[in-house]
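Here is a quick tour for anyone meeting this protein for the first time. Have a look at the sequence and the model, then read on.

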Amino acid sequence: AIASASTGSAGPRRLGRDALLLTGRHLTETSRTPDVLIYTVVVPVVLMLLLNYAFGGAIAPGGQYIQDLVPAIFVLAASEIGFTTAAGTATDLTTGLLDRFRSLPIARIALPLGRSISDTIRHVLAIAVITGVGYSLGYRFETVPGALAAVGVALAYGFALTWLAVCLG
């Protein structure tokens with residue numbers, strides 16, 4: 001037991017507990033910095049509105065441009081969240097926070113996993129807001145399985161991108 005605590009290896013139960021604890025920490029940190037939340041949600045919505053009203057009539061005069069735009073904004077939101085993931089990881093590294101966490105008896109993989117999960121939760125929030133604004137502009141999912149697939153692919157892309165961002169950060 002002492003060897004596993006000092007090396008940072010842990011079983012799945014401990015890894016889950018540590019990752020959820022760090023996820024909560026990152027979500028609390030996000031709630032205390034509203035600019036990150038605004039950047040996560042407002043920027044994609046503003047871009048969606050801008051692109052829809054600036055180019056929507058020229059590209060698809062029948063009003064179908066929004067059907068292509070909303071899924072593209074899902075991906076754009078994941079990319080923007082990736083930027084904040086990399087910046088947050090770099091900040092944690094330069095301030096010494098990661099070194100302090102490494103000195104604790106927690107699973108090593110829990111550090112990036114907690115950040116990735118919390119940023120994926122922010123992506124869920126962004127997708128919900130984007131979908132709501134998209135619906136007000138005329139966007140409709142064709143089927144429920146199609147909607148679940150679109151959101152699932154966007155979230156999987158965002159989760160994978162957060163891992164890349166953690167490595168870059």
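## Getting to know the fold

Let's start with contacts along the chain: of those with a separation of 6 or more, 84% are between residues 24 or more positions apart. Keep in mind that this is a predicted model. The protein chain has 7 helices and 0 strands, so listing its elements from the N terminus simply gives α-α-α-α-α-α-α. Of the 169 residues in the chain, 38% are buried.

What sits in the middle of things? In soluble globular proteins, nonpolar side chains tend to be buried together. Here, the largest nonpolar core has 15 residues. Met48, Ile66, Leu69, Val70, Phe74 and Ile130 are the ones with the most contacts inside this core. Two or more residues come from each of α3 (34-59), α4 (65-94), α6 and α7, and α4 gives the largest share, with 7 residues.

Pick out Ile66 and you'll find that, leaving aside residues up to four places away in sequence, Ile66 touches Met48, Asn52, Gly134, Leu137, Gly138 and Tyr139. Apart from the largest core lies another one, of 10 residues, with Leu22, Leu98, Leu111 and Leu113 among them.

Now for a pair of helices. Two packed helices are described by the angle between their axes and the distance between the axes. The axes of α6 and α7 come within 9 Å and cross at roughly 140°, and the crossing is right-handed. Here is who meets whom:

| Helix | Residues in the helix | Residues in the contact |
|---|---|---|
| α6 | 110-137 | Pro112, Leu113, Arg115, Ser116, Ile117, Asp119, Thr120, His123, Val124 and Ile127 |
| α7 | 144-168 | Val151, Ala154, Leu155, Gly158, Phe159, Thr162, Trp163 and Val166 |

Sorted by class, the contact of α6 with α7 has 11 nonpolar, 5 polar and 2 charged residues. Leu113 turns up twice in this story: in the contact with α7, and in the core of 10 residues.

One more stop: Asp18, which sits in helix α2 (residues 12-31). Is Asp18 buried or exposed? Asp18 counts as buried because its relative accessibility is 4%, and the cut-off for buried is under 20%. The side chains of Asp18 and Arg17 are joined by a polar contact of 3.3 Å. Not counting residues up to four places away in sequence, Asp18 also touches Ile106, Ala107 and Ala110.

Notes. Residues are numbered from 1 along each chain as its sequence is written. This is a predicted model: local features need pLDDT of at least 70, side-chain atom pairs count only at pLDDT 80 or more; totals for chains, interfaces and linings use all residues. Side-chain values use heavy atoms; hydrogens and water are left out. Axes are lines fitted to C-alpha atoms, for helices over the stretch in contact, and angles run from 0 to 180 degrees between N-to-C directions. Helices (H or I, at least four residues) and strands (E, at least two) are DSSP runs, numbered from the N terminus. A crossing is left-handed if the near helix is turned anticlockwise from the far one by less than a right angle, and right-handed if clockwise. Contact means heavy atoms within 4.5 Å. Ala, Val, Leu, Ile, Met, Phe, Trp, Tyr, Cys and Pro count as nonpolar, Asp, Glu, Lys and Arg as charged, and the others, Gly among them, as polar. A nonpolar core is a set of buried Ala, Val, Leu, Ile, Met, Phe, Trp, Tyr and Cys residues joined through side-chain atoms within 4.5 Å. Buried means under 20% relative accessible area, exposed over 50%, partly exposed in between (1.4 Å probe, protein chains only). A polar contact is a pair of N or O atoms within 3.5 Å; within protein, one must be able to donate a hydrogen and the other to accept it, and residues adjacent in sequence count only if both atoms are side-chain atoms.
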